[in-house]
Amino acid sequence: MTLNNLPPLREVIAEHALNARKSLGQNFLLDLNLTSKIARMAGDLSGHDVLEIGPGPGGLTRGLLMEGARRVVAIERDDRCLQALAEITQASDNRLHVISGDALEINPLDHMQSPIKVVANLPYNVGTELLIRWLTPENWPPFWDSLTLMFQKEVAQRIVAQPGSKAYGRLSILAQWRCNAKIVMEIPPQAFTPPPKVTSAVVHITRLDQPKFEADRKTLERVVGMAFGQRRKMLRASLKSIHPNIEDVLLASGVKPTERAEQLTIEQFCTIARNL
Ligand code: SAM
C-alpha cells in the first residue's frame with residue numbers, strides 16, 4: 001500500500017466508526033486536494049519534521065506526507081483514530097509517527113528534530129491555548145520555524161489584526177511582536193464533515209530571529225494583558241496598578257494617558273514595557 005492508493009477518507013471513517021465527537025472539536029476535512037493545498041501553504045516540507053495536532057482520520061496528515069514532509073509527528077487524543085493512522089504510517093514508509101494523548105500534556109520535542117514546522121487543523125477547544133504557548137516560550141527563537149494553523153475565521157482575524165480595529169488585542173501583539181502573520185486561505189463550513197457553524201481560515205505565521213522592538217517578554221505580556229483586560233478604559237485607568245506614576249510612564253513613552261489599548265501600536269506597547 002502507498003499513500004496514493006489508501007482508501008478514500010469516507011471509507012476510512014465508516015470502517016473505523018469515526019463518527020465525529022463535538023467534545024473533541026472534531027470537524028474533519030475529507031477532500032485530499034484541499035488538505036494538500038493547506039500543506040503547501042506551509043512551504044517546502046522536504047527538509048522539515050512537521051508537528052500536527054489532532055490528525056483525526058488523517059486527511060491533512062496524508063496531505064503533509066504527500067507534499068514531501070521529512071517526517072510527521074502527530075498527537076491525537078481520540079484512540080479510535082489510531083488504527084486508521086497506523087495504516088498511513090505503513091503506507092508512508094514510517095514517515096508518520098503518532099503519539100496518543102493530549103497535546104497540552106505532551107512535549108513533542110522528545111520525538112522530533114529541527115528544523116520543525118507546525119501544521120494543524122486545530123481542535124477549537126485547545127487551539128488558542130496551544131498557539132499562545134508556541135508564541136511565548138521561555139527562550140526565543142522557538143522550536144518551530146513556522147506555524148500553519150486553521151482556526152475559526154474570527155480567531156484568525158484577531159491574530160493578524162492591526163491597531164484601531166475591533167479584532168486587535170493580546171493575540172495580535174503576541175503573534176506580531178516576533179513573527180509575521182497572515183491569513184492565507186478561507187475555508188467554508190461545507191468543506192468539513194460535519195460542517196461547523198462558522199467559516200474557518202488558515203493563518204501562516206513565520207518567526208523572526210529577533211523581536212521587531214526590544215522589550216522584556218514578561219513585562220510586555222503583563223502590560224498588554226492589563227490594557228486589553230479593560231479595553232474600553234483609558235490606559236491611565238487600565239494600567240493604574242502596574243506603576244504608582246503610570247501617567248508619567250505613559251507620557252515618557254510618547255503615549256497619551258487618555259488613549260485606549262486598541263489605539264496603540266506594538267512599538268508603543270514595547271516602549272511602555274521598557275520604561276516600566
Ligand atoms: N486533522 C483532521 C482534519 O483536518 O480532518 C482533524 C481535525 S479536528 C478539527 C481536531 C482533531 O483534534 C480531532 O481529531 C480531535 O480528536 C483532536 N483533538 C482534540 N483535542 C485534542 C487534544 N487535546 N490533543 C490532541 N488532539 C486533540
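Here is a short exchange about the nonpolar cores and the ligand site of a predicted model.

Biologist: Which element gives the most residues to the largest nonpolar core?

Modeller: This core has 33 residues. Several elements give two or more residues to it, including strand 2 (49-53), helix 6 (153-160) and strand 9 (200-207). One element gives six residues, the most to this core: helix 5.

Biologist: Which residues is Leu149 in contact with, leaving aside its neighbours within four places in sequence?

Modeller: Leu149 is among the residues with the most contacts inside the largest core, as are Leu131 and Trp134. Contact here means heavy atoms within 4.5 Å. On that basis the partners of Leu149 are Val118, Ala120, Leu122, Leu131, Trp134, Ala201, Val202 and Val203.

Biologist: How many residues does the second, separate core have?

Modeller: This core includes Ile13, Leu29, Val50 and Val119. Its total is 31 residues.

Biologist: Which residues come nearest to the ligand?

Modeller: There are 19 residues around the ligand. One of the nearest, Leu29, has a backbone N or O atom 2.8 Å from a ligand oxygen atom. The residues that come nearest are Leu29, Gly54, Glu76, Asp102 and Asn121.

Biologist: Which residue has a polar backbone atom 2.8 Å from a nitrogen atom of the ligand?

Modeller: Gln26 uses a polar side-chain atom, 2.9 Å from an oxygen atom of the ligand. Leu29 uses a backbone atom, but its partner is a ligand oxygen atom. The backbone contact to a ligand nitrogen atom comes from Gly54.

Biologist: What share of the ligand's accessible area does the protein cover?

Modeller: On its own, the ligand has 590 Å² of accessible area. Of this, the protein covers 99%.

Definitions and conventions:
Residues are numbered from 1 along each chain as its sequence is written. This is a predicted model: local features need pLDDT of at least 70, side-chain atom pairs count only at pLDDT 80 or more; totals for chains, interfaces and linings use all residues. Side-chain values use heavy atoms; hydrogens and water are left out. A nonpolar core is a set of buried Ala, Val, Leu, Ile, Met, Phe, Trp, Tyr and Cys residues joined through side-chain atoms within 4.5 Å. Buried means under 20% relative accessible area, exposed over 50%, partly exposed in between (1.4 Å probe, protein chains only). Helices (H or I, at least four residues) and strands (E, at least two) are DSSP runs, numbered from the N terminus. A residue is near a molecule or strand if one of its heavy atoms lies within 4 Å of it. A polar contact is a pair of N or O atoms within 3.5 Å; within protein, one must be able to donate a hydrogen and the other to accept it, and residues adjacent in sequence count only if both atoms are side-chain atoms. Accessible areas come from the Shrake-Rupley method with a 1.4 Å probe; for residues, only the protein chains shown count as cover.
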